[in-house]
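Me: Hi! Could you walk me through this structure? I'm new to it, so plain words please.

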Amino acid sequence: MARSLTIADFIEQIPALRAGEDLLLSGTLFTARDAAHKRLAQLISDKQPLPIELANAVIYYCGPAPARPGDAVGPCGPTTSARMDPYTPLLLSLGVRATIGKGKRSTPVTDACRAHQAVYCVTTGGVAALLSQKVRRSEIIAFADLGPEAIWRFDVVDFPVTVALDSNGNDIFRPSTKR
Amino acid sequence: MRTIAAAEITKTVARLCQRANYALPCDVREALTGAFQKEGSPRAREILTQISDNARVAQEKSIALCQDTGIAEVYVNMGQDVHLQGETLQDAVNQGVALGYTEGYLRTSIVADPLDRVNTNDNTPAQLTVAIVPGDRLDITVLPKGGGTENASALRMFPPSAGWPGILEFVLETVREKGINACPPLIVGVGIGGSFSSVGKLAKMALLREVGSAPAAGAYAAREKELLEAVNALGIGPMGLGGSTTALAVHIEHAPCHIACLPVAVAMHCHSMRRATGTI
């Protein structure tokens, strides 16, 4: 049975969360995918101000489809997390506490989750219409010129995720390695 | 000779882009139901339920099944007695894709240059495949192909000695290493033969077949069954979280090839096996 958590409680409970737990999250997520990650990394490297506060942020790997008039958001399922692996340790070191996407992560990401007390969660890929029903409000926060790759703020209610990588190094995709 | 206005093609392609992205085909829905009945893992069953619920919501609301509404692969079977009036076929198809995507609230996922990576903002250009066939009709199929599934696909040139065992191992290796990122349960299209340039297309053509339909060549039915069983024995399951439903189907298309070659391609597809066909 999935547990309901606000994003604030979710972040507070990160050290106790275990790979395999099902959660329903309510609060704010920031979307970012390939191009937004590249820009964020460039801004960080150039010591420029960032368009979102990374401390305690939850990043959702998603590039939504456009919303129909009257809808809070367009279809918005997860994209493949592994493509963001090169950027994730940097973002976790700057305070991002959780990432949400689909599929396995690299060893450096596993190590960074342990080092920075962060988690990685998965949600079901290809059910974007269903997941869009969990978003109450959405707005573009940055990089609007990137189109579907802009950074969006999503206010979600009962957004379903499964902890895939916990802060102790347990990995749902590699059950034999630890646990 | 029958004259068809290019505008007619544009209109049809636009409609097919939207239908493909909003409605999961019946054969795919039936395969998902069948998989649910056979699946023993509770988590896998939960994911299969989400997938069915998603198809219902998308169709009811006329919204995309998946936010990745794909690169628009358009397959045209053009009767040789058709005379096209107006734009070229390529232009008519591209205009249809642009119209279908921008008016249908579908994501535009194409960048104009693979290195500069600036979005074209209308999902063009389409990937157009044309076959000239007897008759005076136009059959058009749109297959929106997601990026995650493209990245999980593979092509290898084998020596003929590799034979069926080599092909089997290659397909399993591809599913094992890349399948998770292609959103299982998968539809696996396998192309065997042809040449380096055509074998990928063969594998894609295999995806156009209805899930569970028999291949044209009888000998390949047993091979498809053997591959499907081997893929499902991997235990990857829906979204890689375990279960017996790693793939809903494996389809093979084959073609003659050079005496020195055994080209093999694996075109991976996710559970959202979207396609729509129309006739003019």
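Me: What share of the contacts in chain A with a separation of 6 or more comes from residues 24 or more positions apart?
Reply: Those pairs account for 61% of such contacts in chain A. Two residues are in contact if their C-beta atoms, placed from the backbone, lie within 7 Å.

Me: Before we go on, what kind of model is this?
Reply: This is a predicted model, in which local features need pLDDT of at least 70, side-chain atom pairs count only at pLDDT 80 or more, and totals for chains, interfaces and linings use all residues. Residues are numbered from 1 along each chain as its sequence is written, while chains are lettered from A and ligands numbered from 1 in the order in which they are written.

Me: Thanks! How many helices and strands are in chain A?
Reply: Chain A has five helices and seven strands. Helices (H or I, at least four residues) and strands (E, at least two) are DSSP runs, numbered from the N terminus. Along the sequence of chain A the pattern is β-α-β-α-β-α-β-α-β-α-β-β.

Me: And what does its C-alpha trace span along the principal axes?
Reply: For chain A, about 45 × 40 × 25 Å. The radius of gyration of chain A is 15 Å, which agrees with the value near 16 Å for a compact globule of 179 residues. That radius is taken over C-alpha atoms, and the globule rule is 2.2 Å times the number of residues to the power 0.38.

Me: How much of chain A counts as buried?
Reply: 51% of its 179 residues. A residue is buried if 20 or more other C-beta atoms lie within 10 Å of its own, exposed if 12 or fewer, and partly exposed in between, with C-beta atoms placed from the backbone.

Me: Got a buried one I can click on?
Reply: Try A:Pro64, which counts as buried because it has 24 C-beta neighbours inside 10 Å. A:Pro64 sits in the loop between β3 (58–60) and α3 (88–93) of chain A. Setting aside residues up to four places away in sequence, A:Pro64 touches residues including A:Thr31, A:Trp152 and, from the other chain, B:Gln67. A:Gly74 is ten residues from A:Pro64 in sequence, with 5.8 Å between their C-alpha atoms.

Me: So how many residues of each chain are in contact with the other chain?
Reply: 31 residues of chain A are in contact with 32 residues of chain B. On the chain A side, helix α5 (residues 128–132) gives the most, with three residues. That side divides into 17 nonpolar, eleven polar and three charged residues. Here Ala, Val, Leu, Ile, Met, Phe, Trp, Tyr, Cys and Pro count as nonpolar, Asp, Glu, Lys and Arg as charged, and the others, Gly among them, as polar.

Me: Switching to chain B: how is it divided?
Reply: Chain B has domain 1 (2–20 + 65–145) and domain 2 (148–271), with bounds that come from an automatic or database domain assignment. The centres of the two domains of chain B, taken over C-alpha atoms, are 26 Å apart. Each domain of chain B gives seven residues to the contact.

Me: Which residues of α4(B) are buried?
Reply: Among them are B:Val93, B:Gly96, B:Val97 and B:Gly100. The elements covering the buried residues of α4(B) include α1 (6–22), β2 (71–79) and β4 (127–133) of chain B. B:Val13 touches B:Val93, B:Gly96, B:Val97 and B:Gly100, among others, not counting residues up to four places away in sequence.

Me: Anything unusual in the backbone?
Reply: Most residues other than glycine have a negative phi, and most peptide bonds are trans. The bond from B:Thr124 to B:Pro125 is cis, with omega near 0°, and B:Pro125 is in the loop between α4 and β4 of chain B. That loop also holds B:Asn123, whose phi is positive, near 65°.

Me: Why does B:Asn123 count as buried?
Reply: Because 24 other C-beta atoms lie within 10 Å of B:Asn123.

Me: And A:Asn56, what is its phi?
Reply: A:Asn56 has a positive phi of about 60°. A:Asn56 counts as partly exposed because it has 13 C-beta neighbours inside 10 Å.
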